[in-house]
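Open your viewer, load the model and keep the selection box at hand. We will go from stop to stop together, and at each one you will hear what to select and what is there.

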Amino acid sequence: MELMVQQEVPITVRLFTAIPLSDVSISKPSPENAITEKLGDNRQYRVKHNGRKYNVIEQHYVVFPEQAGDLVIPPVILQATMPDTEQTTRNSPFTNDLFNEPFFKNAFGGNGQIQRMLRGSSMLFGRSGKPLTLRSDGLKFYVQNIPIAAQGNSWLPARNVTLNSSWESNPPTLKTGEPATMTITLKAEGLTSANIPTLKIEDKPGLYRLYADPIESENLTDGETVTGVSKQSFTIIPEKSGVLNFPSIKQVWWNTQSNTLQTAEIYPMTLNVTQGAAINDSNHINTPDSNNSSSSINTGNHFKANNNLSDTSNVSKLLTSTIQSRGFAIVLLVIILLLLSWVILRKKSTSFVTGTQNNNIIKNQKLQQVETRQRAESFLKQAVSACESGNAKQAAQFILQWSKVKWPELTPVSLLDVADSIIQGSTNIRQLHQFLYQPQENKKTWQDRELAKLLQKGLQLRTRQNKHFDKHNLPPLYPA
């Protein structure tokens with residue numbers, strides 16, 4: 001068997017027994033420099049071999065080697081208790097005499113089935129079996145390093161990889177300035193979702209802006225192999241109307257069946273973008289034309305005065321010629337008019353620039369609000385889905401992320417902070433927190449459709465007057 005680094009190695013452990021065993025314990029195959037995952041619960045069934053019937057206990061695992069070289073899977077160890085045929089209650093004089101007593105024979109109305117059950121009870125008479133320990137053979141494989149042909153790309157060894165895209169609406173409706181969501185689903189047969197790399201799609205300023213949402217991961221199994229699933233949503237905000245040529249999305253992977261490098265691809269898409277809600281904005285600033293801002297005075301001889309008061313030579317010439325022609329009073333009038341026009345033009349220019357800046361600020365604020373609302377909706381949708389499907393870990397993660405975006409002033413650190421701050425749903429969230437932090441041996445299953453409905457309606461913050469939390473009203477962290 002030719003193996004690569006991080007390639008799935010299926011391991012099956014089977015126990016065949018023709019005698020009844022109790023307290024059965026089978027160790028997990030745990031090789032060094034590898035990750036071992038258990039697939040589902042063990043199966044129990046009966047088979048017939050060479051005319052003899054056997055009880056079979058079967059458990060499947062997958063091992064992922066983390067480095068090249070020898071992969072040594074140590075022997076699996078079975079520990080159990082088998083019947084001790086040398087110590088039975090039937091051969092004990094004491095128990096035989098006891099069960100032959102008239103009191104026992106007449107007990108329970110002479111019910112023979114109950115009497116036989118008590119006669120064979122090891123709990124009543126302290127009968128114990130013999131401990132049994134068995135070791136399987138070990139396994140050894142050689143793991144090869146990443147092939148040269150695959151180096152330089154993200155390493156994804158799998159039996160098969162598929163890549164699909166979906167939009168909120170089909171076909172997608174895109175408008176300038178308005179967000180749309182595209183979800184990319186990557187499935188890798190023979191890998192867990194932890195080994196699936198993050199997809200990267202670059203935005204193109206001037207055409208569209210793109211934001212990646214948190215990844216939603218899960219592992220599927222048929223009981224013998226594993227398939228990792230990674231779902232990643234992208235928020236796209238078009239900036240220009242017309243035809244948008246969205247680029248292809250590719251993922252290079254290594255086919256472990258044919259030992260070849262292959263590429264999963266979502267082909268380029270041609271999307272139509274219509275004009276969205278217009279936001280007041282200017283692409284350029286029109287500055288006043290200084291040539292049109294000059295003033296002219298007709299005094300018989302046509303004098304033209306420049307409004308640039310910094311040019312002292314022109315002003316001096318103007319004063320000299322004006323005094324010679326019309327007198328000093330006209331000079332004062334000209335200076336006053338020039339000053340007034342300069343002040344008015346400067347105020348208009350400043351007001352225009354300030355108004356443009358304010359429009360840009362308002363536009364950016366609106367875009368940020370759209371992005372924040374889109375992120376909150378994405379977190380909320382994933383939290384509702386996790387509550388309905390019974391994924392407690394993801395439910396806690398997305399509820400906390402949603403509350404941070406929804407209520408930035410709250411700055412929650414844990415689920416208890418969220419539960420302390422809302423009107424409805426606090427009990428459900430505390431129960432989720434308790435489930436996550438109770439001992440592993442006490443955990444069963446968790447699912448809260450009521451919390452999913454409350455999240456869909458939208459949780460409400462308590463006001464300062466009614467925001468009160470009594471720690472003595474909390475149910476115990478590890479309920480019996």
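The tour starts with the whole chain and then visits single places.

**Before you set off**

This is a predicted model, in which local features need pLDDT of at least 70 and side-chain atom pairs count only at pLDDT 80 or more, while totals for chains, interfaces and linings use all residues. Residues are numbered from 1 along each chain as its sequence is written, and side-chain values use heavy atoms, with hydrogens and water left out.

**Stop 1: the whole chain**

Show the cartoon. The chain has 10 helices and 22 strands; helices (H or I, at least four residues) and strands (E, at least two) are DSSP runs, numbered from the N terminus. Of its 480 residues, 33% are buried. Here buried means under 20% relative accessible area, exposed over 50%, and partly exposed in between, with a 1.4 Å probe and protein chains only. Among contacts (heavy atoms within 4.5 Å) between residues at least 6 apart in sequence, 72% join residues at least 24 apart.

Now colour by pLDDT, the predictor's confidence in each residue, from 0 to 100. The chain has a mean of 77, and 72% of its residues reach 70 or more. Where is confidence lowest, and where is it highest? Strand 21 (residues 295-299) is lowest, at a mean of 38, and strand 10 is highest, at 94. Select residues 279-312: pLDDT stays under 50 there, and the model has 36 contacts beyond four places in sequence for this stretch. Residues 464-480 are also below 50, with 19 contacts in the model beyond near neighbours in sequence.

**Stop 2: a hairpin**

Select strand 4 (residues 34-49) and strand 5 (residues 52-65). They pair in the antiparallel sense over 13 bridges; two strands count as paired if DSSP finds at least two bridges between them. Lys 48 has Lys 53 in strand 5 as its bridge partner. Two residues lie between the strands of this hairpin, and Asn 50 takes a positive phi near 55 degrees.

**Stop 3: an open sheet and a loop beside strand 8**

Next, pick out strands 3, 7 and 8, which form an open sheet in the order 3-7-8 with antiparallel pairing. Strand 3 (22-26) and strand 8 are the edge strands, each pairing on one side only. Three bridges join strand 3 to strand 7 (residues 77-82), and Ile 26 stands opposite Leu 78 in strand 7.

From strand 8 (130-135), follow the chain into the loop that leads to strand 9 (139-144), where you will find Asp 137. Is Asp 137 buried or exposed? Asp 137 is exposed, with a relative accessible area of 73%. Add Pro 75 to the selection: Asp 137 and Pro 75 are 62 residues apart in sequence, yet 5.2 Å apart in space, C-alpha to C-alpha.

**Stop 4: a mixed sheet and two tryptophans**

Select strands 10, 18 and 19. They make an open sheet of three strands in the order 10-18-19, with mixed pairing. Strand 10 and strand 19 (260-266) each have a single partner strand, so one side of each is left without a neighbour in the sheet. Strand 18 and strand 19 run antiparallel and are joined by seven bridges; Asn 255 has Thr 260 in strand 19 as its bridge partner.

The structure holds four aromatic pairs. Rings of Phe, Tyr and Trp (its six-membered ring) pair if their centres lie within 6.5 Å; planes under 30 degrees apart count as stacked, over 60 as edge-to-face and the rest as tilted. Trp 155 and Trp 254 form a tilted pair, 6.1 Å centre to centre with 40 degrees between the planes. Trp 155 sits in the loop between strand 9 and strand 10 (157-158), and Trp 254 in strand 18 (residues 249-255), 99 residues apart. Trp 155 counts as buried at 11% relative accessibility, as does Trp 254 at 6%.

**Stop 5: the cores**

A nonpolar core is a set of buried Ala, Val, Leu, Ile, Met, Phe, Trp, Tyr and Cys residues joined through side-chain atoms within 4.5 Å. The largest one has 32 residues, and those with the most contacts inside it include Val 161, Trp 167 and Phe 246. Strand 13 (residues 180-189) gives the largest share of this core, five residues. Leaving aside neighbours within four places in sequence, Phe 246 is in contact with residues including Met 182, Tyr 208 and Leu 271. Another core, of 30 residues, lies apart from it, with Ala 392 and Phe 398 among them.

**Last stop: helix 9**

Finally, select Ser 426 in helix 9 (residues 426-437). Ser 426 counts as buried, at 9% relative accessibility. Not counting residues up to four places away in sequence, Ser 426 touches Ala 419 and Arg 462.
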